[in-house]
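Here are my comments on the model you sent, as numbered points. Please read them with the coordinates open.

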Amino acid sequence: MIDRKALRISGLILLAMVAATLWRLSLFPDWRHIPAGNHQTITGLVFFAEPASLLIVMIMPFLLKWLMPDPGESLPSWRRWNGKWILSWGVFFALMQAFLLAHSLGHFSLSGMTVARAAMVVIGIMFMMMGNAMPKAPSPPPRGSFEFDSWQKSRLLRFAGKLFVGLGLAFVLGGILLPLEYWKPVFGCLMLAALAAGIWYGVQLRREPSPLP
């Protein structure tokens, strides 16, 4: 299930991101109090957000392997699918980190608001891409009597894909149109609503009879 080549490449990307971040922090007089405009300061730990996100993405295949220790005939498909997404997220986070570090060096004369809106739009696009790919993910066979069968898993993945596409579209539109002070409550409520909808649909699927024998 784990694409080791993709993990090795992503690991090299992660090391490069951490090394570049440490080098950038070494140029600040005090990395714990970095000027952020309007007499405000931020901690240099914020520069590790993208490397930490990539690390979480790299850990996900191991969690999937623990949750689905016997994927059966779908093993090659799962390996290709996971490897593709690990590399995609690795490239995305590396580009985001490169832009943030370059912006902190003064190479881009963009306002913080413009950078935040652009990042939100990119995140929304990634959500929509993930939602489009989710129904195409291979489905492993059930491991027990309380597991979803292949028909139920297919339905659940399609519904989850629609949720991710909807969330991505909301992030794109919100990133462009909404004032920044509304982002946390609006996007937080949308994420909670999507989670609740996914749980509700999963419960409904368990009650719905499957056409498979």
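**Notes on the predicted model**

1. Thr21 is in contact with Phe47, Phe48, Pro51, Gln97 and Leu101, once its neighbours within four places in sequence are left aside. The residue belongs to helix H1. Is Thr21 buried or exposed? Its relative accessible area is 0%, and buried means under 20%, so Thr21 is buried.

2. Some context for the whole chain. This is a predicted model. The protein has six helices and two strands, and from the N terminus on the order of elements is α-β-β-α-α-α-α-α. Of its 213 residues, 34% count as buried. The exposed area of the protein is about 13,200 Å², of which carbon and sulfur atoms supply 71%.

3. Contacts that link distant parts of the sequence deserve a remark. Taking contacts between residues at least 6 apart in sequence, 75% join residues at least 24 apart.

4. Which residues have the most contacts inside the largest nonpolar core? They are Leu54, Trp89, Phe92 and Phe93, in a core of 19 residues. At least two residues of this core come from each of helix H1 (4-26), helix H2 (49-67), helix H3 (75-104) and helix H4 (112-133). H3 gives the largest share, with six residues.

5. Phe92 can be followed further. Residues up to four places away in sequence not counted, Phe92 touches Val122 and Met126. Another core, of seven residues, lies apart from the largest one. Among its members are Phe127, Leu167, Phe187 and Ala194.

6. Helix H6 covers residues 183-207. How far apart should the ends of H6 be at 1.5 Å a residue? Its 25 residues should span 36 Å, because the expected span is 1.5 Å times one less than the number of residues. The end C-alpha atoms are 36 Å apart, which agrees. The buried residues of H6 are Trp183, Phe187, Ala194, Tyr201, Gly202 and Leu205. Two of these names, Phe187 and Ala194, also appear among the residues of the seven-residue core.

7. Leu105 sits in the loop between H3 and H4. Not counting residues up to four places away in sequence, Leu105 touches Trp23, Arg24 and Leu27. Leu105 and Arg24 are 81 residues apart along the chain, yet their C-alpha atoms are separated by 8.4 Å. The relative accessibility of Leu105 is 34%. Partly exposed covers the range between the 20% and 50% limits, so Leu105 counts as partly exposed.

8. Leu95, in helix H3, should be looked at separately. Why is Leu95 classed as exposed? Because its relative accessible area is 58%, and exposed means over 50%. From Leu95 to Glu50 the C-alpha distance is 9.6 Å, with their positions 45 residues apart in sequence.

9. The last point is a nonpolar patch on the surface. Leu169, Leu173, Ile176 and Leu177 make this patch, which has an area of about 410 Å². Leu173 is found in helix H5 (residues 150-177). With a relative accessible area of 45%, Leu173 is partly exposed. An α-helix has 3.6 residues a turn, so residues three or four places apart point the same way.

Technical notes
Residues numbered from 1 in each chain as written. Predicted model: local features only at pLDDT ≥ 70, side-chain atom pairs only at ≥ 80, totals over all residues. Heavy atoms only, no water. Helix = DSSP H or I, 4+ residues; strand = E, 2+ residues; numbered from the N terminus. Buried < 20%, exposed > 50% of the residue type's maximum accessible area, 1.4 Å probe, protein only. Contact = heavy atoms within 4.5 Å. Areas by Shrake-Rupley, 256 points an atom, 1.4 Å probe, with all protein chains shown as cover. Core = buried A, V, L, I, M, F, W, Y, C linked by side-chain atoms within 4.5 Å. Patch = residues over 30% accessible without salt bridge, like charges linked within 9 Å, V, L, I, M, F, W, Y side chains within 5 Å. Salt bridge = Lys/Arg side-chain N within 4 Å of Asp/Glu carboxyl O.
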